[in-house]
Amino acid sequence: MSLTATYRLGTRLFWRDKSMLFGSVLTPVGLAVGMPLLMKNVLNPSAATAIFQSTISVLLAITAFMNVAVALATRRDQLVLKRLRASRLTDGQILLGQIASTATQTVAMIALSTVAVRVVAGVPFPDDPLGFAAITVAGSAVLSLLGAAYTAAIPRAELAAAFTMPVFLVSGVSAGAMGPIPLPSWLRPALDLLPTSAVVNAVKTGDLAVPALVLAAWTVVGLVALRLWFRWEPRRS
């Protein structure tokens, strides 16, 4: 087995889980396409564009962060991770395969949503396609990494969805995906440092420098957290 094998394993297990597909694919894509369509009909195409850019944070939070956190917590409790460690695979290959698989699926969902909102809501394609692709790939990878590290805080697989819900809510509110919610002025600078906010800001402004630094910092946080706290077996063992 190799890194490629763990990548394929993570992808295959994901697409076989029907409940996971509903929560990690249909729901976020439905929001990312449905909300811009609603804004176009109620307001105007500019509002549709703005809300779609904000809902990228929802796609990242659900299809990357929540997806990998739930998947790894479940496989940990089912002792799948423990069995994989007994093979020739290294710890890095096991985790990187799952993270890369999740990030790839997230990029695909964002690309699909980008095309869909262009067709149904008239949202224009990004002015800088390469920059959009780069920040999308980077954001998907970083959120998948952070989701893997976050499993250390999840006590049992049954609680994984509930434990990741606050991340989804904060990401959506901070990026404006849930509408104009009044926030204290002192809170905005802190929310702009979230990885999801960094991606959305890059998409809206075209400025990649600051968001890239934010994502780089979160990458370090995720790697350190994985190194120190990631659990390969359930606590009862």
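Five salt bridges are present in the structure, which is a predicted model. One of them joins the side chains of Arg-76 and Asp-77, with a nitrogen-to-oxygen distance of 3.4 Å. Arg-76 has a relative accessibility of 1% and is therefore buried, the cut-off being under 20%. Asp-77 is likewise classed as buried, at 11% relative accessibility. This pair thus brings together two charged side chains that are both buried.

Two further salt bridges involve residues with greater exposure to the surroundings by the same classification. The side chains of Arg-156 and Glu-158 meet at 3.1 Å, N to O. Within this pair, Arg-156 is partly exposed at 40% relative accessibility, whereas Glu-158, at 59%, lies above the limit of 50% and so counts as exposed. The side chains of Arg-188 and Asp-192 form another salt bridge, with an N to O distance of 3.3 Å. Arg-188 is partly exposed, with a relative accessible area of 29%, and Asp-192 is also partly exposed, at 29% relative accessibility.

The nonpolar interior was examined next. The largest nonpolar core comprises 32 residues, and Ile-56 and Val-199 have the most contacts inside it. At least two residues of this core come from each of helix H2 (18-42), helix H3 (45-77), helix H5 (91-121), helix H6 (129-150) and helix H9 (195-205). The greatest contribution is that of H3, which supplies eleven residues. Beyond residues up to four places away in sequence, Ile-56 is in contact with Ile-110, Phe-132, Val-199 and Val-203. A second core, separate from the first, contains 16 residues, among them Leu-84, Ala-225, Leu-226 and Trp-232.

Helix H5 was considered in terms of its length. With 31 residues at 1.5 Å a residue, H5 should span 45 Å, and the distance of 44 Å between its end C-alpha atoms agrees with this expectation. Gly-122 follows H5 and has a positive phi, near 70 degrees.

Helix H6 contains Thr-136. At 5% relative accessibility, this threonine is buried, because the value is under 20%. The side chain of Thr-136 reaches the backbone oxygen of Phe-132 at a distance of 2.7 Å. Phe-132 is also one of the residues touched by Ile-56. Apart from residues up to four places away in sequence, Thr-136 touches Val-107 and Ile-110. Ile-110 is in turn among the contacts of Ile-56.

The model can also be set against the annotation in the record. An unreviewed UniProt entry assigns the annotation "domain: ABC-2 type transporter transmembrane" to residues 49-203. In the model, this span is 75% helix and 0% strand, and its end C-alpha atoms lie 11 Å apart. The unreviewed UniProt entry also places the feature "transmembrane region" at residues 20-39, 51-73, 94-117, 129-152, 159-181 and 208-230. Residues 94-117 are 100% helix and 0% strand, with 35 Å between the end C-alpha atoms. For residues 129-152, the corresponding values are 92% helix and 0% strand, and the end C-alpha atoms are separated by 36 Å.

Technical notes. Residues are numbered from 1 along each chain as its sequence is written. This is a predicted model: local features need pLDDT of at least 70, side-chain atom pairs count only at pLDDT 80 or more; totals for chains, interfaces and linings use all residues. Side-chain values use heavy atoms; hydrogens and water are left out. UniProt positions are given in the numbering used here, feature names are shortened, and annotations may be inferred rather than shown by experiment. Helices (H or I, at least four residues) and strands (E, at least two) are DSSP runs, numbered from the N terminus. A salt bridge is a side-chain nitrogen of Lys or Arg within 4 Å of a carboxyl oxygen of Asp or Glu. Buried means under 20% relative accessible area, exposed over 50%, partly exposed in between (1.4 Å probe, protein chains only). A nonpolar core is a set of buried Ala, Val, Leu, Ile, Met, Phe, Trp, Tyr and Cys residues joined through side-chain atoms within 4.5 Å. Contact means heavy atoms within 4.5 Å. The expected span of a helix is 1.5 Å times one less than its number of residues. A polar contact is a pair of N or O atoms within 3.5 Å; within protein, one must be able to donate a hydrogen and the other to accept it, and residues adjacent in sequence count only if both atoms are side-chain atoms.
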